[in-house]
Amino acid sequence: MFWWTVRKLKGRNPESRLKAIEMLSRSRDPRANGWLLAAAFRSGGPYERFSEKQVRLKEQHAAIKALGKLRDSRAMPHLLNALREGELAYWAADALSCFEEVPTAPLVALLVDEKLGVRPKTSVMELLGKLGWKPGTATESAWFYICQR
């Protein structure tokens, strides 16, 4: 039935796609991770309507949540990259908190990156807090403090 779930995921009906993502998250098939990654990080076109974007974000949220539940290390680089995107940062941080071991170096680099917005930094700071990380430099302490406010 895996092929049928993938077919639903590729379909036009948003409810069917969400159900397919849910089914893939419960699947023990190793191929599910690739399809969940595709669903989580697909992008809308430049002329995407607002309603389409809302549906896409709902699907991305479900897929990112599923990736966190599955804890496949192949998804970690994608989730770390998603921390840079304001719309996906919170969900990606939440999914990364499900992993047993998350490298803190890329997270700290994101925290002190001046080009990154406050929303993604707040998600990174919350994830670092869950991991038990403590600031080591004055810059890290400053950003950590700013994001807590």
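A nonpolar core is a set of buried Ala, Val, Leu, Ile, Met, Phe, Trp, Tyr and Cys residues joined through side-chain atoms within 4.5 Å. The exercises below use a predicted model.

**Exercise 1. The core**

State how many residues the largest nonpolar core has, and which residues have the most contacts inside it.

Solution.
1. The largest nonpolar core has 41 residues.
2. Those with the most contacts inside this core are Leu79, Leu83, Leu96, Leu107 and Leu111.
3. Take Leu79 and set aside its neighbours within four places in sequence: Leu79 is then in contact with Phe41, Ile64, Ala92, Ala95, Leu96 and Phe99.
4. As background, nonpolar side chains in soluble globular proteins tend to be buried together.

**Exercise 2. The overall fold**

Find what secondary structure the protein has, and describe its extent and contacts.

Solution.
1. The protein has nine helices and zero strands, and from the N terminus its elements run α-α-α-α-α-α-α-α-α.
2. Along the principal axes, the C-alpha atoms fill a box of roughly 55 × 35 × 20 Å.
3. Of the 149 residues, 38% count as buried.
4. Take the contacts between residues at least 6 apart in sequence: 61% of them join residues at least 24 apart.

**Exercise 3. Helices α1 and α2**

Decide how α1 and α2 are oriented to each other, and list the residues that meet.

Solution.
1. Helix α1 covers residues 2-10 and helix α2 residues 14-26; they pack at an angle of about 140 degrees, with their axes 7 Å apart.
2. Angles over 145 degrees count as roughly antiparallel, and 65 to 115 as roughly perpendicular. The angle of about 140 degrees is in neither range, so α1 and α2 are oblique to each other.
3. The crossing of α1 past α2 is left-handed.
4. From α1, Phe2, Thr5, Lys8 and Leu9 meet Ser16, Arg17, Ala20, Ile21, Met23 and Leu24 of α2.
5. By type, the residues of this contact between α1 and α2 are six nonpolar, two polar and two charged.

**Exercise 4. Helices α4 and α6**

Repeat the analysis for α4 and α6.

Solution.
1. Helix α4 (residues 50-70) and helix α6 (residues 86-96) pack at about 15 degrees, with axes 8 Å apart.
2. Angles under 35 degrees count as roughly parallel, so α4 is roughly parallel to α6.
3. α4 passes α6 in a right-handed crossing.
4. Lys53, Leu57, Gln60, His61, Ile64 and Gly68 in α4 meet Glu87, Leu88, Trp91, Ala92 and Ala95 in α6.
5. The residues of the contact of α4 with α6 comprise six nonpolar, three polar and two charged.

**Exercise 5. Buried or exposed?**

Classify Leu9, Ser27 and Ala138 by relative accessibility.

Solution.
1. Buried means under 20% relative accessible area, and exposed means over 50%.
2. Leu9 lies in helix α1 and has 12% relative accessibility, so Leu9 counts as buried. Not counting residues up to four places away in sequence, Leu9 touches Arg17, Ala20, Ile21, Leu24, Trp35 and Ala39.
3. Ser27 is in the loop between α2 and α3. Its relative accessibility is 17%, so Ser27 counts as buried. Beyond its neighbours within four places in sequence, Ser27 is in contact with Ala32 and Leu70.
4. Ala138 is in helix α9, residues 138-148. Its relative accessible area is 63%, so Ala138 is exposed.

Definitions and conventions: Residues are numbered from 1 along each chain as its sequence is written. This is a predicted model: local features need pLDDT of at least 70, side-chain atom pairs count only at pLDDT 80 or more; totals for chains, interfaces and linings use all residues. Side-chain values use heavy atoms; hydrogens and water are left out. Axes are lines fitted to C-alpha atoms, for helices over the stretch in contact, and angles run from 0 to 180 degrees between N-to-C directions. Helices (H or I, at least four residues) and strands (E, at least two) are DSSP runs, numbered from the N terminus. A crossing is left-handed if the near helix is turned anticlockwise from the far one by less than a right angle, and right-handed if clockwise. Contact means heavy atoms within 4.5 Å. Ala, Val, Leu, Ile, Met, Phe, Trp, Tyr, Cys and Pro count as nonpolar, Asp, Glu, Lys and Arg as charged, and the others, Gly among them, as polar. Buried means under 20% relative accessible area, exposed over 50%, partly exposed in between (1.4 Å probe, protein chains only).
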